[in-house]
Amino acid sequence: AISTIIARHESLRTQFIFGNEMQQQVMPMNLNPIDFIDYQNCDDQLIEHWVRDCGERCFDLTQDQLLRVSVAKRDSNRHIVNFNFHHVASDGWSMAVFWRELSALYNAYSQEQDCVLPELSIQYRDYAVWQRGWFTGNVLQTQQAYWLNQLAGAPQRHSLPLDFERPEQQSFNGDYCF
């Protein structure tokens, strides 16, 4: 089921090439998209450490798939599945699609049925190209006017608690690592 989803959705197989301009490259399907780990007879603390490590492992956008799946076998009937999505490839909407497709495919495959999902007519990049073309001219001006009106009078600063003191002058300095 997971392999079918990764094969269906190019965004989960996209890598980014950094040069003068960033480019997306859709990679062929990885034949082994799932890491299997045997954690039988291991204590819960080791499992918790494994789950934390899965979540803290950085993605290299130039080399990694944007969905990592790991399965830890606890015994013959119990497994723990860890899904780790990079946020560039998932949001609330796409997570709902993922869970709906995973459920449908898992149910079908566990009953030895074929894929029950229709072919995708577009990929996310097709939608992004359409959206970029749509947000021009009058549509862009209308959208900007709407949101400027909605946000008129909003405070410059929020009152949420912060994790550390913010500087008086924001620098906008950034960094990246590979």
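Q: What joins β4 to β5, and through how many residues?
A: A hairpin does, and its connection has five residues. This is a predicted model, where local features need pLDDT of at least 70, side-chain atom pairs count only at pLDDT 80 or more, and totals for chains, interfaces and linings use all residues. Residues are numbered from 1 along each chain as its sequence is written, and side-chain values use heavy atoms, leaving out hydrogens and water.

Q: How do you know that β4 and β5 pair, and in which sense?
A: Pairing of two strands takes at least two bridges found by DSSP. β4 and β5 have seven, in the antiparallel sense, so they pass that test. Across this pairing, R68 stands opposite N84 in β5. Strands here are DSSP runs of E with at least two residues, helices are runs of H or I with at least four, and both are numbered from the N terminus.

Q: What makes strand β4 (residues 67-73) count as mostly covered?
A: Six of its seven residues are buried, meaning under 20% relative accessible area (exposed is over 50%, partly exposed in between; 1.4 Å probe, protein chains only).

Q: How does β4 relate to strand β3 (residues 34-38)?
A: The two run parallel and are joined by five bridges, with S70 in β4 as the bridge partner of D35. Together with helix α2 (residues 44-56), they make a right-handed β-α-β unit. Right-handed means that, with the strands pointing away from the viewer, the path from the first strand over the helix to the second runs clockwise.

Q: Why is the charged end of R68 said to sit over the ring of F59?
A: The rule asks for NZ of Lys or CZ of Arg within 6 Å of the ring centre and within 35 degrees of the ring normal. For R68 the distance to the centre of the F59 ring is 3.8 Å.

Q: Why is the pair of F83 and W99 called edge-to-face?
A: Rings of Phe, Tyr and Trp (its six-membered ring) pair if their centres lie within 6.5 Å; planes under 30 degrees apart are stacked, over 60 edge-to-face, and the rest tilted. F83 and W99 are 5.2 Å apart centre to centre with 85 degrees between the planes, so they meet both conditions. F83 lies in strand β5 (residues 79-85) and W99 in helix α3 (residues 92-110), so the pair ties together parts 16 residues apart in sequence.

Q: What makes the pair of Y127 and W130 tilted?
A: Their ring centres are 5.6 Å apart and their planes at 35 degrees, so the pair is neither stacked nor edge-to-face.
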